[in-house]
Amino acid sequence: MRTLEEAQATLQIAKVKEEDLQPVTYCLSFGDNVSSGDYCLMELDDTLCKHIEAGKSLIIRGDKDEHAVLCSEDKTYDLKIADTSNLLLFLPGCKTPDQLPDISASPQLMHAQIWGLSNCYWELRRQRPRLKKLKKLLMENPYDGPAVGMQEEAPGPKYTMGDLLERIQASREEIEAHLQNVHACEIDGFWRILDFDYEMKLLGHVTQLVDSESWSFSKVPLSVCLEELGSLEPVAMIEHCLNCYGRRYSNEDDQVMYALDEDKVCRATAQLLLQNAVKFNLSEFQEVWQQSVPEGMSARLDQLRGLALLDRSSKPETISLLRIEDLPEDTLERFNSLFSLREKWTQDDIEPYIQDLCGEKQTTGALLTKHARSSVQNGVKVYNSRRPIAT
């Protein structure tokens, strides 16, 4: 190993003034069998550093045909290899000047052994969780109610939470939140999504009971619902339906109550009407829709954002089913899909279908500016594709 005198001689040859440097000089040497493949370096922000220092885990997820992502308990990060022109050395025990507060002004020589080296590192970027696959897996075997009599449930794949964590590129909290969004429930240890017709059957039982008992939609007692409807459907499914379409609370008598959400009930009813038609005359649809929702609820078009698409330019005006969950997750693919459906969009029409693509500090306006061209037609600002759409 080098001595202090040898290090000082090297500085003289390099014509570097010793007083311009820190008083501590590190002499580096390679350990036995060091190679560039021994370690992988990862760049972490303050949040992830504190996460690791607290003893928590980070998990890499992705099937063989998918790009890997890194997940904490509640966030998802894209993993990309970043190359650097400077060789990165892994030096355990090596201290920076601010970690050596008691160093004297006289020159010192310290030795450190290199344990690993790399010319690249993993760069993390916060990204949206990739959750489209979650519903696709659950739709392989939707739950349409308990088996009747001697009939057995139709065979099909089922997934536990552990299975979903293995297959879905998202954090646990993001997966749990999406399971709630798609109205999935845990049955016998497996997460299942309800067949939509069965879900609407459950909702119909609840709203009919509310009507027959002349209850307020904001005061639906859980115990009476389970008692009255338990002979028709499993009580767990009745309660699940109430959780999906209502807000749970306790009244002054400590009785569990539900306040049904008018927007959610009307939206589901609209989906039931629209799913069997390619296009619907708008005025006729609005009439049938209002007749189909529970008496006392008001059906409004603003309840259908991200579910249905209006065509005001056609004569007569029409409405058709277009669910945001059926569109691609990738931003470019999403825009290409939307512009293949309609050449020109107003911001009000396209906004519900791109809001989820915005980052934490990005607006839909900024996203449209980046991925679409704007023009003014008949006094209205419209957006169309920046690239030709294949036909």
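Me: Why are H7 and H8 called oblique to each other?

Reply: In this predicted model, the axes of helix H7 (residues 222-229) and helix H8 (residues 235-245) cross at roughly 135°. Angles of 65 to 115 degrees count as roughly perpendicular and those over 145 as roughly antiparallel; H7 and H8 are therefore oblique to each other. Their axes come within 9 Å, and H7 passes H8 in a right-handed crossing.

Me: What makes the contact between H7 and H8, and which classes of residue does it have?

Reply: From H7 come Leu222, Cys225, Leu226 and Leu229, and from H8 come Val235, Ile238, Glu239 and Leu242. By class, seven of these residues are nonpolar, none is polar and one is charged. Because Glu counts as charged, Glu239 supplies the charged member.

Me: Why is His183 called buried or exposed?

Reply: The relative accessibility of His183 is 16%. The limit for a buried residue is under 20%, so His183 counts as buried. His183 lies in the loop between helix H5 (172-181) and strand E7 (184-187). Leaving aside neighbours within four places in sequence, His183 is in contact with Leu194, Glu199, His240, Cys244 and Tyr245.

Me: What makes Arg125 exposed, partly exposed or buried?

Reply: Arg125, in strand E6 (residues 116-126), has a relative accessibility of 48%. Buried requires under 20% and exposed requires over 50%; Arg125 therefore counts as partly exposed. Not counting residues up to four places away in sequence, Arg125 touches Thr76, Tyr77 and Asp78. The C-alpha atoms of Arg125 and Asp45 are separated by 9.7 Å, with the two residues 80 apart along the chain.

Me: How do you know that E13 and E14 pair, and how do they run?

Reply: Two strands pair if at least two bridges are found between them. Four bridges join E13 to strand E14 (residues 318-321), so the criterion is met. The two strands run antiparallel, and Leu309 stands opposite Ser320 in E14.

Me: Why are E12 and E13 called edge strands?

Reply: The open sheet of three strands has the order E12-E14-E13, with antiparallel pairing. Strand E12 (280-281) and strand E13 (308-311) each pair on one side only, and they are the edge strands.

Me: What packs on this sheet, and at what angle to E14?

Reply: Helix H9 (residues 262-274) packs on the sheet, touching E12, E13 and E14. The direction of H9 makes about 95° with that of E14. Since angles of 65 to 115 degrees count as roughly perpendicular, H9 is therefore roughly perpendicular to E14.

Terms used
Residues are numbered from 1 along each chain as its sequence is written. This is a predicted model: local features need pLDDT of at least 70, side-chain atom pairs count only at pLDDT 80 or more; totals for chains, interfaces and linings use all residues. Side-chain values use heavy atoms; hydrogens and water are left out. Axes are lines fitted to C-alpha atoms, for helices over the stretch in contact, and angles run from 0 to 180 degrees between N-to-C directions. Angles under 35 degrees count as roughly parallel, over 145 as roughly antiparallel, 65 to 115 as roughly perpendicular and the rest as oblique. A crossing is left-handed if the near helix is turned anticlockwise from the far one by less than a right angle, and right-handed if clockwise. Contact means heavy atoms within 4.5 Å. Buried means under 20% relative accessible area, exposed over 50%, partly exposed in between (1.4 Å probe, protein chains only).
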